[in-house]
Amino acid sequence: AAAVAPDSALHRRLSRALAAGDVLLETSLEERLAVGAGDAVTLQLRNGAVQIESQAQALSAGAVGQIVKVRPGASDAEILAEVLAPGVVKLSSRQR
């Protein structure tokens with residue numbers, strides 16, 4: 001595996017401990033979580049020019065681009081949402 005350039009490591013975190021002098025490899029990095037389980041998040045629903053936002057609770061953690069489970073408002077329902085940014089998710093088209 002090739003060494004990672006310092007600028008490509010920005011906004012990422014180590015997936016394992018490194019000792020002094022170890023080479024930083026791509027396999028040593030993972031995306032930083034943007035949503036944690038239990039976090040309050042903004043749930044977005046877009047349809048053309050219309051966008052609706054609501055509060056939800058994240059039930060699983062994820063990085064930007066990943067799919068997480070959320071519970072909208074006071075509902076008992078669990079839905080899938082894509083992480084857009086820290087604290088922001090959008091309704092996923094990949095519902096079960």
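Here is a short back-and-forth about the barrel, salt bridges and surface patch of this predicted model.

Me: Let's start with the fold. In what order do the five strands close into a barrel?
Reply: The pairing around this barrel is mixed. From one strand to the next, the twist averages 55°. Going round, the strand order is 3-4-5-6-7.

Me: How many bridges pair strand 3 with strand 4?
Reply: Strand 3 covers residues 40–47 and strand 4 covers residues 50–58. Within this pairing, Gln44 has Glu53 of strand 4 as its bridge partner. The two strands pair in the antiparallel sense, and the number of bridges is eight.

Me: Which residue takes a positive phi in the hairpin of strand 3 and strand 4?
Reply: This hairpin has two residues between the strands. One residue there has phi near 65°, and that residue is Gly48.

Me: And on to the next neighbour: which residue in strand 5 stands opposite Ala58?
Reply: Strand 4 and strand 5 (residues 67–72) run antiparallel, with three bridges joining them. Strands of a sheet pair through backbone hydrogen bonds. Opposite Ala58 in strand 5 you'll find Val70.

Me: Now for the charges. How many salt bridges does the structure hold?
Reply: Side chains of opposite charge can pair when their charged atoms come close. Here, one such pair is Arg12 with Glu26, and another is Lys69 with Glu78. The total for the structure is four.

Me: How far apart in sequence are the parts that Arg12 and Glu26 tie together?
Reply: Their side chains meet in a salt bridge at 2.4 Å, N to O. Arg12 lies in strand 1 (residues 12–14), while Glu26 sits in the loop between strand 1 and strand 2 (29–31). So the pair ties together parts whose separation in sequence is 14 residues.

Me: Is Arg12 buried or exposed?
Reply: Its partner Glu26 is partly exposed, with a relative accessible area of 41%. For Arg12, the relative accessible area is 15%. Buried means under 20%, so Arg12 counts as buried.

Me: Which residues are linked with Lys69 in a network of salt bridges?
Reply: Lys69 and Glu78 meet at 4.0 Å, N to O. Glu78 also meets Arg71, at 3.9 Å, N to O. The residues linked with Lys69 in the network are therefore Arg71 and Glu78.

Me: What relative accessibility does Glu78 have?
Reply: Take its two partners: Lys69 is partly exposed at 31%, and Arg71 is partly exposed at 25%. Glu78 counts as partly exposed too, with a relative accessibility of 47%.

Me: Last stop, the surface. What is the area of the nonpolar patch made by Leu45, Val50, Ile52 and Leu91?
Reply: One of its members, Leu91, is found in strand 7 (residues 88–91). Leu91 is partly exposed at 34% relative accessible area, and patch residues need over 30%. Together with Leu45, Val50 and Ile52, Leu91 makes a nonpolar surface patch of about 340 Å².

Conventions. Residues are numbered from 1 along each chain as its sequence is written. This is a predicted model: local features need pLDDT of at least 70, side-chain atom pairs count only at pLDDT 80 or more; totals for chains, interfaces and linings use all residues. Side-chain values use heavy atoms; hydrogens and water are left out. Patches are made of residues with over 30% relative accessible area and no salt bridge: like charges are joined within 9 Å, nonpolar side chains (Val, Leu, Ile, Met, Phe, Trp, Tyr) within 5 Å. Accessible areas come from the Shrake-Rupley method with a 1.4 Å probe; for residues, only the protein chains shown count as cover. Helices (H or I, at least four residues) and strands (E, at least two) are DSSP runs, numbered from the N terminus. Buried means under 20% relative accessible area, exposed over 50%, partly exposed in between (1.4 Å probe, protein chains only). Two strands pair if DSSP finds at least two bridges between them. Axes are lines fitted to C-alpha atoms, for helices over the stretch in contact, and angles run from 0 to 180 degrees between N-to-C directions.
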